[in-house]
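Colleague: Let us go through this model together. I will ask, you reason, and each reply should end on what I asked for.

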Amino acid sequence: YTKLARIVDSAVHFLDNVIDVNEYPLKEIEKMTKRSRKIGLGVMGFADMLFKLGIPYNSEEAVELAEKLMNFINDRSKKMSAKLAEKRGAFPLFEESTLSGEGRPKLRNATTTTIAPTGTISIISGCSSGIEPLFAISFVRNVMDNDKLLETHPYFEEVAKKRGFYTRELMEKIAKGGTVQGIEQIPEDVQRIFVTAHDITPEYHIRMQAAFQKYTDNAVSKTVNFTHDAAVEDVAEVYWLAYRNGCKGFTL
C-alpha cells in the first residue's frame, strides 16, 4: 500500500498535467474540460493479482479485497487532488459543485477515478485488462499466414511446472476450451483459483463491478458473460441486480 500510494500520487499529478498540455479539437471542449478538470485514474491486472494471492475471483474474499483496494485508491487520489489545489488552485467550477461545503477541502479535479477496459495497454503491459477476469488460461493466437502460437498465462505455467503437472499436451487441451475446470490432471485447489470469465456466474461479475463502483467517481467498464442458452429472465435479473447495486452500466 505504501508503493501504491506513491503511484497514485504520481498518476494524479501526471493526469492533471495532461489537461494543460493536451491539444483540444475545439475551443468549447477545452473550456469545458478545464472548468471541471476531471481525470480518470483506474486499474488493470486485478485478475493477475488475485492469482498471485491465491484468491478465486468468484469469492467473498475477492469482492471484499476489491472494495478495500479501490477505496484506498479513491481516497488517496482525492488527497493528492487537494494537495494540487493548494498549489495550483481548485477547478474553476468547484464552488458551484456538490463537492464544496464548509470544512471540505478544495479539489483540483471534479472527479479522480474511473475504470476503463484497458484492452490495448494491458496487452502491452502483459497483464489482465481492467477488473476483468482472464478470458482463457491457455489459448491459440492465429498470426500472419495462419501460424498458430500457443499462449499460456505465465503465472499458471509457473505454478504448473512447480507443482509438476505441466505438459505441452495439457496446455493444448486447456486451449481448446480456455478453462481448467474439470480437467483431472489439474489439482482442485489450482482449479479453484484459476477461474476464467465463463467459469464465473453473472451474479459474481456484477458483484465485483459493484464493489469497484462503490469507490469510483465515473463509470466502471465490465463485461458480464452469459451462456448461449441464457433466458430473457436471466438477463433481466442481472440488469436489476446491477441497478440495485449502484452500477452505472455494463456490457452483456
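Modeller: One cut-off before we start. A residue counts as buried under 20% relative accessible area, as exposed over 50%, and as partly exposed in between. Note too that this is a predicted model.

Colleague: Take Glu132, then. Is Glu132 buried or exposed?

Modeller: The relative accessible area of Glu132 is 14%. The limit for buried is under 20%. Glu132 is therefore buried.

Colleague: Which side chain does Glu132 meet in a salt bridge, and at what distance, N to O?

Modeller: The pair links distant parts of the chain, 90 residues apart. Glu132 sits in the loop between α5 and β1 (138-143). Its partner is in the loop between α9 and α10 and is buried too, with a relative accessible area of 1%. The partner is Lys222, at 2.8 Å.

Colleague: Let us step back to the fold. What pattern does the protein follow along the sequence?

Modeller: There are 10 helices and 2 strands. The C-alpha trace spans about 60 × 40 × 40 Å along its principal axes. Read along the sequence, the pattern is α-α-α-α-α-β-β-α-α-α-α-α.

Colleague: What share of the contacts with a separation of 6 or more comes from residues 24 or more positions apart?

Modeller: The chain has 252 residues, and 41% of them count as buried. As for the contacts with a separation of 6 or more, the share from residues 24 or more positions apart is 65%.

Colleague: Which residue forms a salt bridge with Lys78?

Modeller: The count of salt bridges comes to 18. In this one the closest N and O atoms are 2.7 Å apart. Lys78 is in helix α4, and its partner lies 139 residues away in the loop between α9 (202-213) and α10. That partner, at 23% relative accessibility, counts as partly exposed: Asp217.

Colleague: How far apart in sequence are Arg168 and Glu172?

Modeller: Their side chains meet in a salt bridge of 3.1 Å, N to O. Arg168 is partly exposed at 45%, and Glu172 is partly exposed at 37%. Both belong to helix α7 (residues 168-177), and about one helical turn separates them because they are apart by 4 residues.

Colleague: Which residues are joined into one network by salt bridges that share partners?

Modeller: One member, Arg37, is found in the loop between α2 (27-36) and α3 (46-53). Arg37 counts as buried, at 4% relative accessibility. Another member, Arg88, is in helix α4 (residues 60-88) and is partly exposed at 35%. The full network is Asp16, Asp20, Arg37, Arg88 and Arg108.

Colleague: Stay with Arg88. Which residues is Arg88 in contact with, leaving aside its neighbours within four places in sequence?

Modeller: Contact here needs heavy atoms within 4.5 Å. Arg88 and Leu107 are 9.9 Å apart, C-alpha to C-alpha, and 19 residues apart in sequence. Leu107 is not on the contact list, which reads His13, Asp16, Asn17 and Arg108.

Colleague: Now the backbone. Where does Thr118 lie?

Modeller: Phi of Thr118 is near 50°, a positive value in a residue other than glycine. Phi of Arg37 is near 50° as well. Thr118 counts as buried, at 14% relative accessibility. Thr118 lies in the loop between α4 and α5 (119-125).

Colleague: On to the surface. Which helix gives the most to the negative patch?

Modeller: The patch gathers Glu203, Asp229, Glu233, Asp234 and Glu237. Asp234 is partly exposed, with a relative accessible area of 33%. The helix that gives the most contributes 3 residues, and Asp234 is found in that helix. It is helix α10 (residues 232-244).

Colleague: How much accessible area does the nonpolar patch have?

Modeller: Three residues form the patch: Phe14, Val18 and Val21. Val21 lies in helix α1 (residues 2-21). With a relative accessible area of 64%, Val21 is exposed. Together the patch residues have about 290 Å².

Colleague: Last one. How far apart are the mean positions of the positive and negative charges?

Modeller: The protein has 33 positive and 34 negative charges. Its accessible surface comes to about 14600 Å², of which 54% belongs to carbon and sulfur atoms. The two mean positions are apart by 8 Å.

How values were computed:
Residues are numbered from 1 along each chain as its sequence is written. This is a predicted model: local features need pLDDT of at least 70, side-chain atom pairs count only at pLDDT 80 or more; totals for chains, interfaces and linings use all residues. Side-chain values use heavy atoms; hydrogens and water are left out. Buried means under 20% relative accessible area, exposed over 50%, partly exposed in between (1.4 Å probe, protein chains only). Accessible areas come from the Shrake-Rupley method with a 1.4 Å probe; for residues, only the protein chains shown count as cover. Lys and Arg count as positive and Asp and Glu as negative; His and the chain ends are not counted. The place of a charge is taken as NZ of Lys, CZ of Arg, CG of Asp or CD of Glu. Patches are made of residues with over 30% relative accessible area and no salt bridge: like charges are joined within 9 Å, nonpolar side chains (Val, Leu, Ile, Met, Phe, Trp, Tyr) within 5 Å. A salt bridge is a side-chain nitrogen of Lys or Arg within 4 Å of a carboxyl oxygen of Asp or Glu.
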